[in-house]
Amino acid sequence: PGGCHKNTASIKRPQITLTSAVERSIKTMLTICGWVTLFRVLLTLLEKWILWILPSEVRIAIAGILELSNGIINLNGITVAGKRFVLASCFLAFGGVCVLMQTHSVIGELRLSWYFPGKAIQSVISFLLAYMTQSIIFTVNDRWNEPSVLFIILLPMLTVSLFFLKRAKKEDVFTFTQSLYLLKRANFTLW
């Protein structure tokens with residue numbers, strides 16, 4: 001009665017079995033672990049053949065930009081607490097190239113033309129905010145007073161980001177409807 005009730009039996013929802021969910025989860029975990037392993041091997045090779053020439057702050061900055069976990073672990077090699085604070089906030093904001101590759105491999109069809117520039121700009125903003133707030137948190141002896149070493153890394157990141165942003169098209173920005181379509185194709189149901 002009333003005619004407002006829709007027949008929900010005609011709507012086909014994809015069936016996800018427990019087996020297929022476990023298989024997809026294992027595939028995703030192996031892909032992410034593969035990227036982490038690849039970047040750890042790459043960092044080891046770079047440290048043995050190239051990075052040993054550079055100052056320790058630059059080595060740590062490169063490690064953090066390539067792979068977040070190793071960059072954070074290597075921060076123990078810096079004695080000034082302000083430097084560790086600023087670099088950690090920069091690494092955490094960017095996430096690392098390894099995380100960029102993990103994100104790309106998991107989200108598949110989405111284009112990342114706005115992702116890398118956004119993360120790099122976020123990292124620069126985080127660096128500047130952390131650099132300014134360290135004077136509130138740390139004593140004078142524990143502050144980082146010469147950030148010129150990291151600007152060697154941040155300026156190229158910002159330049160590359162602006163290049164990517166200039167090349168990105170407005171069509172690359174996904175609307176909510178397009179996101180729902182991709183979720184539906186990936187067998188997710190929101191309703």
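Reader: By class, how many nonpolar, polar and charged residues does the lining of the second largest cavity have?

Author: Keep in mind that this is a predicted model. The lining of that second largest cavity splits into four nonpolar residues, one polar and one charged. Its members are Phe94, Gly96, Leu100, Tyr115, Phe116 and Lys119. Gly counts as polar here, so Gly96 is the polar member of the lining.

Reader: Which element gives the largest share of that lining?

Author: That would be α6, with three residues. The volume of the second largest cavity is about 30 Å³, and the search comes to two cavities of 30 Å³ or more.

Reader: On to packing. Which residues make up the largest nonpolar core?

Author: A core of this kind is a set of buried residues joined through side-chain atoms within 4.5 Å. Here the largest one has 11 residues: Ile60, Leu75, Ile78, Val86, Leu87, Ala88, Cys90, Phe91, Phe127, Ala130 and Trp144. Two or more of these come from α4 (81–94) and likewise from α6. Helix α4 gives the most, five residues.

Reader: There's a cysteine in that list. How many disulfides does the count come to?

Author: Zero. A disulfide would need a pair of cysteine sulfur atoms within 2.5 Å. As for burial, Cys90 has 4% relative accessibility, so it counts as buried. Cys98 is buried as well, at 0%.

Reader: How do I read an aromatic pair, and how many does the whole structure have?

Author: A pair of aromatic rings is described by the distance of the centres and the angle of the planes. In this structure a full search finds three pairs. Take Phe85 and Phe138, an edge-to-face pair with 5.6 Å between centres and 65 degrees between the planes. This pair links distant parts of the chain, since Phe85 sits in helix α4 and Phe138 in the loop between α6 and α7 (148–167), 53 residues apart.

Reader: Is each of those two rings buried or partly exposed?

Author: One of each. Phe85 has 27% relative accessibility, so it is partly exposed. Phe138 has a relative accessible area of 19%, and under 20% means buried, so Phe138 is buried.

Reader: What does a stacked pair look like here?

Author: Look at Phe127 and Tyr131: their centres are 6.2 Å apart, with 20 degrees between the planes. They are about one helical turn apart, because four residues separate them along helix α6. Phe127 is buried at 1% relative accessibility, while Tyr131 is partly exposed at 26%. Phe127 is also one of the residues in the largest nonpolar core.

Reader: And which residue should I look at for an exposed position in α6?

Author: Try Met132, which lies in helix α6 (residues 115–137). Its relative accessible area is 53%, and exposed means over 50%, so Met132 counts as exposed. Sequence distance and spatial distance are worth reading side by side here. Met132 and Val86 are 46 residues apart in sequence, yet their C-alpha atoms are 9.3 Å apart in space. Val86 belongs to the largest nonpolar core.

Reader: Where does Ser89 lie, and is it buried or exposed?

Author: Ser89 is in helix α4, and it counts as buried at 17% relative accessibility. You can read its spacing to Ile72 in the same way: 17 residues along the chain, and 9.7 Å between the C-alpha atoms.

Note on methods: Residues are numbered from 1 along each chain as its sequence is written. This is a predicted model: local features need pLDDT of at least 70, side-chain atom pairs count only at pLDDT 80 or more; totals for chains, interfaces and linings use all residues. Side-chain values use heavy atoms; hydrogens and water are left out. Buried means under 20% relative accessible area, exposed over 50%, partly exposed in between (1.4 Å probe, protein chains only). On a 1 Å grid over the protein atoms alone, a cavity is a set of points where a 1.4 Å probe fits but cannot get out, and a pocket is an open set with protein on both sides within 12 Å along at least five of seven lines; lining residues have an atom within 4 Å of a point. Grid points are joined across faces, edges and corners, and a volume is the space filled by probe spheres set on the points. Rings of Phe, Tyr and Trp (its six-membered ring) pair if their centres lie within 6.5 Å; planes under 30 degrees apart count as stacked, over 60 as edge-to-face and the rest as tilted.
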